[in-house]
Amino acid sequence: MRVPEVLLDVRDLRICYETSRGCVKAVDGVSLEVYAGETFCLVGETGCGKSTLALAIPRLLPPNARILSGSILFKGVDLLRVSDSKLQELRGKEIAMIFQNPMTSLNPVHRVGFQVAEVPVTHFKMSWREALATAVRQLGRVGIADPDLRSRDYPHTFSGGMKQRSMIAMMTTCKPSLLIADEPTTALDVTIQAQILKLLHELKNEYGLTLLLITHNFGIVAEVCDRVGVMYAGKIVEVADVTEVFEAPLHPYTKGLIDCVVARRKSKSRLNQIPGTPPSLLNPPTGCRFHPRCAYVTHECVKEEPRLIEVRKNHLVACHNYEKVGGVSWSS
Amino acid sequence: MWFNKERIRSLESNEVLRLFLKHKRGVAGLILLSFMLFIALTADFIAPKRFDEVDPSSRLLPPSTEHIFGTDQLGRDIFSRIVYGARIALWVGLLVVVVEAGIGVPLGLIAGYYGGSVDKLISAITDMLWAFPPIILALAIVTILGPGLTNVVIAVSIVSWAPYTRVVRAKTLSIMGREFITAARAVGESSLSIMFRYVLPNTLAPIIVLATLTIPSAILYTTALSFLGFGAQPPTPDWGAMLNEGKDYIFKAPWCSIFPGLFITLTALSFNLLGDALRDVLDPKLRLG
C-alpha cells in the first residue's frame, strides 16, 4: 500500500480567545494530519474548538483570537507564517471554506452569478464575460435549476439549500485542493442535508479535492468520512478510520457520543446520554479533561493528562484506560 | 444582457418606490425640490432680467407686475436674482455633500474595517471635530483661506464630514460581523475589494439618507457665511449675500430680504422632507443603524 500524501499537517496548535474574564483556550495542543484525497471529519460537541480549528487554517479567526503556538503546514507551507498577500492568493484557489449559515454567507447587494464569477476573476485574471459563463456552468453543476436565469438573481430570492449550493459553487470554481466545510448542513432541513452531502462527495471525487468536514452529527460521519478526529474541550481525543470509530471506539467520550445516536438505541430503551456538561475552557479540569464525566475514571486520570498515542495501526487515542474501554458498553 | 430592463425593475425597487409615493411629506418635498431644480436649470429663460442688470431709475420698488419680487437698492430685479441664485444654492449644496462624503465615507470604512488603533485615531479626530461649533470653525477656516464661494465650500465641508464617518463606521462594524465578509476573505478577496465591493454597497442606504439630510445644513451654512460677507462676492446673486444686502433696508423695503430668506427656507425644507421620507422608506427594509 502506498504511503498517503499529507496535505494538511497541524502541529501542536494552541489558540485562545481573549475575553474580559480571561483567556479561553479553544484549541489546546491539537495535532492532526489530513491526507490528500480523503474526507476527514472533525467531530465534537458545540464549543469544543472544532470551528476555531477550521477557521485557523485559512487564518480567518476573529480579531480577539490569539494563536499561541503551533504550525499549520499546507503542502509544506506554514499557513501561520506565510505573508498576507500569499495567503490571499491561497484562499479560494487552494483552500476554500464553506460556512455553517448559508443565509448570511452571500453578499445581499450583488447578484449570485456575479459573486461566483468574482472568484476566477480574482485568482485567474479571467475576463468578466468568461467568468460569468463559468459561474453559470458551476451553478448548474451544483444543482441550481435554470442557472442562466438564476445567476442574475439576488441572494434573497434563493432558499437556504440554494444559497448553500451557491456557496459551494463559489468555493469550488477554482478547484481548490482543500475544502473546509464547517457544519455545512446544520442550518438546513434533513432532505436538503443529504443532497448537499451527496453533492460535496461528488465534487470531491470529480475534482480530487480533500474534504475537511466539521460536524457534530455522527450520521454524517458514517455517511461520507474516511477518517474521523474526535475533539473534546479543545483537544483531539481520538483519531481513527471511520469503521474503527464505530466498531471499536477506544476513548470513553467517542463511545459515549456513538451511544447517543438515536438510530443505534435498542427499541424502547431510554436514549443514552453522557452525564454532565462540557467543561469551561476558561478553567479546564486537571489531568484528562474528560475525567469528571468519565465512567472509567481512575486516580491517574485526575492527575496526569493522557497523550495522544497510536495504540493500533492508524488509530490514535488519548486515554489512560483505553484497553478497558474497548468492548465494554457505555450504559452497563 | 446582464442588466436587462426586466431585472432592473425588480420587486425591491418597486417596493421602495411604492412606499415613497405613499409618503405625503416626502412627495411634497420632492415636488418642491423639483421646482427649485426647474428654476435653476431654466434660469436663462424664465428670468426677465439679467441678475446684474442695474437700473438706477427703479431702486427699491415694491413687488409689482413688472418686478414680481420687487427691486433692490441698485434697481436689480429680485426675482431674476433669486432664480439665478437657485443655481448657486443647489450647486453648492451638492458640492459640499460630495466633498463631505468623499472625506467621511472612506475614513468610516477604514475605521470600521481595520478597527483597533486605526479606529481609535479616526474616531478621536471625528469626535474632536464634532465638539466644535461648526459655524465658528468654518468662519475661522474661511478667514484663513479668504472670502469666495470655493473657500466657503471647502470650509463647510471640512467642518461637517464627521457624521458620514460615524454612520459609515457604525454600519461597517455591523457588516463586518456578517458571515459573507468571512466568506469573501475565504475566497481570497483583498481588503480594498472587501471594503469597496462588499461593505460600501451595504452602507449606501444610510449614506443616501444622510446626504439628503446634510444638503440643507450645507446650504444654510454657506448662505450664513455669505450673509456674513465671506462667501460669494457681489454681484453674484447668492441668496445669503442678498439677505445681507437687504438687511439695511429691512424696514423700508422688506421684500429685499424676505424673498431670498423664503427661498433658502423652502430649499432646505424640501431636502429635509425628502431625506426624512427616504429614511422612513429605506429604514425598516435595510435596517439602517
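The exercises below, each with a worked solution, concern a predicted model and centre on strand E8 of chain A.

Residues are numbered from 1 along each chain as its sequence is written, while chains are lettered from A and ligands numbered from 1 in the order in which they are written. Because the model is predicted, local features need pLDDT of at least 70 and side-chain atom pairs count only at pLDDT 80 or more, whereas totals for chains, interfaces and linings use all residues.

**Exercise 1.** Determine how many residues of strand E8 (residues 210-215) of chain A are buried, and which way they point.

Solution. Strands (E, at least two residues) and helices (H or I, at least four) are DSSP runs, numbered from the N terminus. A residue is buried if 20 or more other C-beta atoms, placed from the backbone, lie within 10 Å of its own, exposed if 12 or fewer, and partly exposed in between. By this criterion 6 of the 6 residues of E8(A) are buried, so the strand is largely enclosed by the rest of the structure. Thr210(A), Leu212(A) and Ile214(A) point one way, and Leu211(A), Leu213(A) and Thr215(A) the other way.

**Exercise 2.** Identify the strands that pair with E8(A) in the parallel sense, and place them in the sheet.

Solution. Two strands pair if DSSP finds at least two bridges between them. Strand E3 (residues 39-43) of chain A pairs with E8(A) over 5 bridges in the parallel sense, with Phe40(A) bridged to Leu212(A) and Leu42(A) to Ile214(A). E7(A) also pairs with E8(A) in the parallel sense, over 5 bridges, and here Asp182(A) has Ile214(A) as its bridge partner. The open sheet has 8 strands in the order E6-E7-E8-E3-E9-E10-E12-E11 (chain A), with mixed pairing. E6 and strand E11 (309-312) of chain A each have a single partner strand, so one side of each is left without a neighbour in the sheet.

**Exercise 3.** Describe the connection from E7(A) to E8(A), and decide whether Thr186(A) is buried, exposed or partly exposed.

Solution. E7(A), H7(A) and E8(A) make a right-handed β-α-β unit; right-handed says that, with the strands pointing away from the viewer, the path from the first strand over the helix to the second runs clockwise. Thr186(A) lies in the loop between strand E7 (178-182) and helix H7 (190-207) of chain A. Because Thr186(A) has 15 C-beta neighbours inside 10 Å, this residue counts as partly exposed. The C-alpha atom of Thr186(A) is separated by 25 Å from that of Ser151(A), 35 residues apart along the chain.
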